[in-house]
Amino acid sequence: MIDRIRLTAAAKIQLSTLKRKTGIEHYNSICRHALCISLANPSIPPSEELNFNGGLEIDWRVFAGGNDELYLNLIMSRAVADGLGCSIENIRRVCASHLHRGLSYLVGKDDDYLVYGAGAF
């Protein structure tokens, strides 16, 4: 259903910042954490048109780290809970919006949280 995770140029910069601050080597680990942080927030991410030019792509299987079904089910559950349904387009949109919101949350956290309090990474 999801083959690749697409990220905007701004998200690419956020990932580089988080990688530098945390020392976490792989973008996929940071992205998984960002997705889960956003999914845990009960509000719906703001609707926006994302421009993926200059961004990057991560293969879904690499992103999911062997937990493809788990992450897909989390995203599908959230889509249903938000009244969006489970069309392929909605699943991709929900994934992208939560991933980008989660990255924004992480970049906005103070350095102490990122270094000492991010045990879920």
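**Notebook: strands, core and pocket of a predicted model**

I looked first at the strands and noted that S1 and S2 run antiparallel and are joined by 4 bridges. Two strands count as paired if DSSP finds at least two bridges between them. Strands (E, at least two residues) and helices (H or I, at least four) are DSSP runs, numbered from the N terminus.

I recorded the basis of the entries: this is a predicted model, in which local features need pLDDT of at least 70, side-chain atom pairs count only at pLDDT 80 or more, and totals for chains, interfaces and linings use all residues. Residues are numbered from 1 along each chain as its sequence is written, and side-chain values use heavy atoms, with hydrogens and water left out.

**Entry 1: the two strands**

I looked up which way the side chains of S1 point. Ile5 and Leu7 point to one face and are buried, while Arg4 and Arg6 point to the other and are not. Buried means under 20% relative accessible area, exposed over 50%, and partly exposed in between (1.4 Å probe, protein chains only). In S2 I found alternation as well: Leu56 and Ile58 point to one face and are buried, whereas Glu57 and Asp59 point to the other and are not. In a regular strand the side chains alternate between the two faces of the sheet.

I then checked which residues face each other across the pair. Leucine 7 stands opposite leucine 56 in S2, and arginine 6 stands opposite glutamate 57.

**Entry 2: glutamate 57**

I noted that glutamate 57 counts as partly exposed because its relative accessibility is 42%. Apart from residues up to four places away in sequence, glutamate 57 touches Arg4, Ile5 and Arg6; contact means heavy atoms within 4.5 Å. Glutamate 57 and leucine 7 are 50 residues apart in sequence, yet their C-alpha atoms are 6.1 Å apart in space.

**Entry 3: the largest nonpolar core**

I defined a nonpolar core as a set of buried Ala, Val, Leu, Ile, Met, Phe, Trp, Tyr and Cys residues joined through side-chain atoms within 4.5 Å. The largest one has 27 residues, of which Ile2, Ile5, Leu7, Trp60, Phe63, Ile75 and Leu103 touch the most other members. Among the elements that give two or more residues to this core are strands S1 (4–7) and S2 (56–59) and helix H5 (88–108). H5 gives the most, with 6 residues.

I looked up the contacts of leucine 7, leaving aside neighbours within four places in sequence. They include Leu15, Cys31, Phe52, Leu56, Leu99 and Leu103.

**Entry 4: alanine 34 and leucine 70**

I found alanine 34 in helix H2. Alanine 34 counts as buried because its relative accessible area is 0%. Not counting residues up to four places away, alanine 34 touches His98, Leu99, Gly102, Leu103 and Leu106.

I found leucine 70 in helix H4. Leucine 70 is partly exposed, with a relative accessible area of 46%.

**Entry 5: the largest pocket**

I noted that a pocket, on a 1 Å grid over the protein atoms alone, is an open set of points where a 1.4 Å probe fits, with protein on both sides within 12 Å along at least five of seven lines; lining residues have an atom within 4 Å of a point. The largest pocket holds about 590 Å³ of space, a volume being the space filled by probe spheres set on the points, which are joined across faces, edges and corners. Of its 22 lining residues, Arg92, Arg93, Val94, Ala96 and Ser97 are the closest to its centre. H5 gives the most to this lining, with 8 residues.
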